[in-house]
Amino acid sequence: MTQRDASVEIIQRQLTAFARRARATAARIHPELSLVSYTLLAHLDDQQGCRATDLAAHYLLDKSTVSRQIAALEKLGFVERRLDPEDHRVQVLHPTPAGAAVLSNAMTSRRQAFHERLADWDEADLDRFASYLLRYNAAQELKG
């Protein structure tokens, strides 16, 4: 195995561990809000509402998956549907005040967890890590 292959293997294992921890953290922060639900709710908040089909396209998810997640968020009272003012045939999903509050609390808890985990990192390491993550995610976005 080449050094490059070994490095890629380490990265793959560590990203898998990161994803596993992210799901566990999301479940601990708000047991009723899965990582996928959190992500969708955050997107609705960032975009100030959007259609379910837009969510599916953005995250490359099946429409039925998004539909199930949105139904669960609606049942919890975190998401509501509103008619699009420009096209009354279209429903736009928006966080409710309760959804915005739970999202804000979850974001605060997540941010605090990251600060604690990275507390002993110096600024140069944080900057490098942030730039590598940006580069990695940008490369993925370019590939679609």
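**Note on two loops and a surface patch**

1. L60 sits in the loop that joins helix 3 to helix 4 (63-75). The model is a predicted one. In this loop residue, phi is near 55 degrees, a positive value although L60 is not a glycine. Most residues other than glycine have a negative phi. L60 has 65% relative accessibility and therefore counts as exposed, since the cut-off for that class is over 50%.

2. Q48 is also a loop residue, placed between helix 2 (35-47) and helix 3 (52-59). Its phi is positive, about 55 degrees, and Q48 is not a glycine either. With a relative accessible area of 67%, Q48 is exposed.

3. A nonpolar patch lies on the surface, made up of I11, L15, F18, F114 and Y136. Together these residues have about 470 Å² of accessible area. Helix 1 (residues 3-29) is the largest contributor to the patch, with three residues.

4. F114 of the patch belongs to helix 5 (residues 97-117). Is F114 buried or exposed? Neither class applies: its relative accessible area is 39%, so F114 is partly exposed, because buried means under 20% and exposed over 50%.

5. Helix 1 and helix 5 also meet as a pair: their axes come within 10 Å and cross at roughly 135 degrees. That angle makes helix 1 oblique to helix 5, because angles count as roughly antiparallel only over 145 degrees and as roughly perpendicular from 65 to 115. The crossing of the two helices is right-handed.

Definitions and conventions. Residues numbered from 1 in each chain as written. Predicted model: local features only at pLDDT ≥ 70, side-chain atom pairs only at ≥ 80, totals over all residues. Heavy atoms only, no water. Patch = residues over 30% accessible without salt bridge, like charges linked within 9 Å, V, L, I, M, F, W, Y side chains within 5 Å. Areas by Shrake-Rupley, 256 points an atom, 1.4 Å probe, with all protein chains shown as cover. Salt bridge = Lys/Arg side-chain N within 4 Å of Asp/Glu carboxyl O. Helix = DSSP H or I, 4+ residues; strand = E, 2+ residues; numbered from the N terminus. Buried < 20%, exposed > 50% of the residue type's maximum accessible area, 1.4 Å probe, protein only. Axes fitted to C-alpha atoms, helices over the stretch in contact; angles between N-to-C directions. Parallel < 35°, antiparallel > 145°, perpendicular 65-115°, else oblique. Left-handed = near helix turned anticlockwise from the far one by under 90°.
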